[in-house]
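Open your viewer, switch to a cartoon view, and get ready to click along. Each stop tells you what to select and what you will find there.

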Amino acid sequence: MDNILDDIEEIGDNHIGASYENPMREDAFEKSDLEKIASIKEDVANIMDTLGLDLRDDSLRGTPQRVAKMFVNEIFAGLNPDRKPKASVFNNHYKYGEMLVEKNITVYSTCEHHLLPIVGKAHVAYISSGTVVGLSKMNRIVDYYAKRPQVQERLTIQIVKELQKALGTDDVACVIDAKHLCVNSRGIRDIESSTVTSEFGGKFKEKDTKREFLDYIKLDTEF
């Protein structure tokens, strides 16, 4: 048992993801959002009480409710498939055949190992096979998958797969450059380091196309 626990701890400390899909139980959505908030509120209050904080204090009294609402309605809202943005696509009437790149999409996510923030930028590109997607939808897809307990590698893959499905093409790419506060503020506490992940589909696997994309986002990264 001690060896199993050590292995689990090592996976978390090394930020290793276990699956492409976020691990969810089958009964994940049997409770309503209000029921989840009520339950999480009690759990947060218990954590704070265990730490010795006085929940009668005016500044702390509302914290369990605030944290519970934040978990359900904001930073983990992407766990709920009902909140998934509809990626409306349109015919490419103007016959634009080059890559389209959406740069510097803000990423706010949460490390699933320590529940600390991941903050950075995503760069997403695709080459149309006949349809195009609204630019804001690319940002919304990034935001939706980021609002989960995440591993950055998984997040990168999920963004690409969602756009591939919406656009009906494999020619989609994503690069994310982000800081993990579980590295920057605890453990090794290296405030300068960031993590870069990438996923290239279809034509983006070709050297010249990949290089063109990386030149657009000004990331001189070797893959």
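A search of this whole predicted model finds eight salt bridges. Side chains of opposite charge can pair when their charged atoms come close. Let's visit some of these pairs.

Select arginine 25 and aspartate 27 and show their side chains. They meet in a salt bridge, with 2.8 Å from N to O. Arginine 25 counts as exposed because its relative accessible area is 61%, above the 50% cut-off. Aspartate 27 has 31% relative accessibility, so it counts as partly exposed.

Next, select aspartate 54 and arginine 56. Their side chains also form a salt bridge, at 3.0 Å from N to O. Here aspartate 54 is partly exposed, with a relative accessible area of 36%, while arginine 56 is exposed at 66%.

For one more pair, pick aspartate 143 and lysine 147, whose salt bridge spans 3.2 Å from N to O. Aspartate 143 is partly exposed at 31% relative accessibility, and lysine 147 is partly exposed as well, at 26%.

Now select leucine 51, in the loop between α2 (33–50) and α3 (63–75). Is this leucine buried or exposed? At 67% relative accessibility, leucine 51 counts as exposed. Add Ile47 and Leu53 to your selection: together with Leu51 they make a nonpolar surface patch of about 310 Å².

Zoom out for a moment and colour by secondary structure. You should find seven helices and seven strands. Starting at the N terminus, their order is α-α-α-β-β-β-β-α-β-α-β-α-β-α. Of the 223 residues, 36% count as buried. The accessible surface comes to about 13500 Å², and 51% of that belongs to carbon and sulfur atoms. Among contacts between residues at least 6 apart in sequence, 68% join residues at least 24 apart.

Time to go inside. Which residues have the most contacts inside the largest nonpolar core? Select Val124, Ile159 and Leu163 to see them; the core has 26 residues. The elements giving two or more residues to this core are β2 (99–111), β3 (117–127), β4 (131–133), α4 (135–146), α5 (152–167) and β6 (172–180). Of these, α4 gives the most, with six residues.

Keep valine 124 selected and show what surrounds it. Leaving aside residues up to four places away in sequence, valine 124 touches a list of residues including Leu100, Ile105, Met138, Val142, Ile159, Leu163 and Phe213. There is also a second, separate core of ten residues, and Val175, Phe204, Leu214 and Ile217 are among them.

For the last stop, select helix α7, residues 207–216. Its buried residues are Thr209, Lys210, Phe213 and Leu214. They cover an arc of only 135 degrees around the axis, which means they sit on the same side of α7. What covers these buried residues includes β2, β3, β6 and β7 (195–200). Turn the view to the face of α7 that points away from its buried side, and you meet the exposed residues Lys207 and Asp208. Finally, step just past the helix to lysine 218, which takes a positive phi of about 60 degrees.

Definitions and conventions. Residues are numbered from 1 along each chain as its sequence is written. This is a predicted model: local features need pLDDT of at least 70, side-chain atom pairs count only at pLDDT 80 or more; totals for chains, interfaces and linings use all residues. Side-chain values use heavy atoms; hydrogens and water are left out. Helices (H or I, at least four residues) and strands (E, at least two) are DSSP runs, numbered from the N terminus. Buried means under 20% relative accessible area, exposed over 50%, partly exposed in between (1.4 Å probe, protein chains only). Contact means heavy atoms within 4.5 Å. Accessible areas come from the Shrake-Rupley method with a 1.4 Å probe; for residues, only the protein chains shown count as cover. A nonpolar core is a set of buried Ala, Val, Leu, Ile, Met, Phe, Trp, Tyr and Cys residues joined through side-chain atoms within 4.5 Å. Patches are made of residues with over 30% relative accessible area and no salt bridge: like charges are joined within 9 Å, nonpolar side chains (Val, Leu, Ile, Met, Phe, Trp, Tyr) within 5 Å. A salt bridge is a side-chain nitrogen of Lys or Arg within 4 Å of a carboxyl oxygen of Asp or Glu. The arc is that of the directions from the helix axis to the C-beta atoms.
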